Amino acid sequence: MRPTIDKTLLIVLLITFLTSIFLIFNWVPQIKASNEAEQIAQKIFYFHVPSAWLGFMSFFVVFVASVAYLATRQRRWELISVASAEIGVLFITLVLITGPIWAKPVWGIWWTWDARLTSSLILWLIYVAFLMLRRYLPDGSKRANLSAVVGIIGFIDVPIVYYSIRWWETQHPNAVMASGEGSLAGPMFFTFMFSLATFTILYAYILRKRYQLLELEDTLNKQFKEMEIL
Amino acid sequence: MAVPALHLEKVSKDFGRIIALRNIDLKVEPGEFLSILGRNGAGKTTLLNIISGVSRPSSGSVQLFGTDPGDRENKAKLAVISHEMFLYGNLTALENLEYYGRMYSVNDLEQRIKTVLHEVELTHRRFDLVAAFSRGMTQRLTIARAILHQPSLLLLDEPFTGLDQQAIGMLIDLLKSQKELGRTILLTTHDLHTAKVLSERYIILEKHQIMQDGLMTETNPDEIRKKYFSPLEKAEMS
Amino acid sequence: MRTAFSILQKDLRMEFRSKESILAMWIFSLLIFVIFNFTFEVSRLVMLEIAPGLLWVAFIFSGMFGLNHSFAVEKEDGNLRSMALMPVDGGQIYLGKFLSVTIIMLMFEFLIFPIFIIFYDLQLSFQMFLLIPVILAGTIGFTSLGTILSAVAVHTRNQQILLSLLLWPLVSPIIIWSVNLTGMVLGGGEIGAVFFPLLIRVAAFDVIFFTIAYMLFDFILED
């Protein structure tokens, strides 16, 4: 069952990924901008925004898995929370890399202590700390308990971080999905949604693979232990 | 039939890659003195953690006086003595006992403190900071702290580690008197001869399971040692 | 409540017994102001603008000091394990530790504040009384998260670094708001319409953090 799901996912992922690259670079119309650099830079939006969304989603999964762990004490939930935190950090890292690449030609600077940027950085730091904590603790139910607690507090903090930093003026482009002025036109909207779907499949695929790997590590270690015992 | 003090059925603890205990069946009657023998890493500490309600088993059932070990009433009936002191160096002996007494909601605390301090012969040092105590004195205070709330079940986790002869003697005397009071006592140790002096029954934990469950009178400590302790650890023990 | 109070009493007693560490902390915060003065050689006007931030930097350092110390004491001689063995509610243990850490941090702040006033030559005014709820709300936010996170971090070998890594990003909203509020008060002008709603917001998040930590503390003690 498992291999079939994985294979199907991989094939779907490859197809959607190639399609979204085609859509982004060959199909969707260029935006009107003062120079070519800005036009090209705009394409990053189709990677940047889905990464951010999937980052949030990963951390939401960390939260859910942490609660589930504390309720059931099953190793499975701990592994899911770790796997998802790792992928979340990866996605937010992508956000933090693609953001400045876009900002340099458009704003003329790599980084500014703007609300969105700062809150994304803080978000990244929260989950890097979560992963660091796990590195420092020996494996066992104690570690699982402690990291679940941090996984819960961390996620509850996320909206508060965003809320608090909105106090500052933001020059970051507004949320694009909002209707009205500045909302996405047809082809752009379609391309964006397609890219988002692709990233979601990517997330699901990496999560499965990472989880399987962690589980495999457990099985292997257990088998070594059994051999020692017998 | 009376409720056993402790009843474990098919208790296992494993978590991910860690196997700590497998299929432990154990029944201890009230007033029994049981020695748990086994080398480091055999699962002794995990077993004590499960009995004291700090750790949960992955499967199987644990009953302490007929109920769950995590229950507050059960925790109040329990005392642990280990090589860790569970004392604050920056508080006096008296303050430490007062703190513990309040946490365990001991009735008539003042009187109890007087009694236990007398029992461990520390009355004259009660206003001194624990940090200034010798190792032996600290251990005596640890004992006083443990019996302050008159526990029905004493768990001793390698209590002889690092003690001088006097403190060991005192601990042995105390354990004997606690046994006479009808308290149930579980002791993990490397020291087979002391175990033989004190306890009537023993179990051997090896590779996370109970390998042997027998009576002390029918055993020869040297045989057990030969069978279950590696040469390396024998050297450590002597 | 009795449990929490016993822990509080024990902690405060130990803390006041080591007076050197209180003095050391006070001198340390003095040093923060001195060092900032060296590293940013700026005009008095700019200095006034960054003063609220500086004040909170000193507060945070004193808070970290208190937090690290509070749980290092518990880890010594297995007292954390002994707490897990006690017939008490984990939430009550959290409450006790939270109260002691908060009181100690407030005391440090009380000692730091006069130096701050003198070094930055601030005009004393009635408006400054508004700093009391601001500092209280900011401190409680910091310690309510800090208490549970240092109970987590104390299980590692690198307790101090890990506590900073965990706590600073999580507590940043509270600190940002506290700095803003402090700035509004010290600015000397009229307190705008934003002040009180913002203060209430900080207090509301204090309650949220405290409640979550109170509920989760049992899991930290358990193995």
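**Local and overall features of chains A, B and C**

Just after helix H3 of chain C, the residue C:Asp77 takes a positive phi of about 55°, in a model that is predicted. Helix H3(C) itself covers residues 44-75 of chain C, and because each of its 32 residues should contribute 1.5 Å, a span of 46 Å is expected, which agrees with the 45 Å that separates its end C-alpha atoms. Within H3(C), a kink of about 50° lies at C:Ile50, shortly before the proline C:Pro52.

In chain B, strand E8 (residues 201-206) and strand E9 (residues 209-215) run antiparallel and are joined by 6 bridges. Across this pairing, B:Leu205 stands opposite B:Ile210, which belongs to E9(B). The two strands form a hairpin with 2 residues between them, and in this hairpin B:Lys207 takes a positive phi near 50°.

Chain A, by contrast with the paired strands just described, has 7 helices and 0 strands, so that its elements, read from the N terminus on, run α-α-α-α-α-α-α. Of the 230 residues in chain A, 34% count as buried. Among the contacts in chain A with a separation of 6 or more, 77% are accounted for by residues that lie 24 or more positions apart.

Chains A and B also touch one another, in a contact that takes 10 residues from chain A and 8 residues from chain B. On the side of chain B that touches chain A, the residues divide into 3 nonpolar, 2 polar and 3 charged.

Technical notes. Residues numbered from 1 in each chain as written. Chains lettered and ligands numbered in written order. Predicted model: local features only at pLDDT ≥ 70, side-chain atom pairs only at ≥ 80, totals over all residues. Pairing = 2+ DSSP bridges. Helix = DSSP H or I, 4+ residues; strand = E, 2+ residues; numbered from the N terminus. Contact = placed C-beta atoms within 7 Å. Nonpolar A, V, L, I, M, F, W, Y, C, P; charged D, E, K, R; others polar. Expected span 1.5 Å × (residues − 1). Bend = angle between axes of the 7 residues up to and from the residue. Buried ≥ 20, exposed ≤ 12 C-beta atoms within 10 Å, placed from the backbone.
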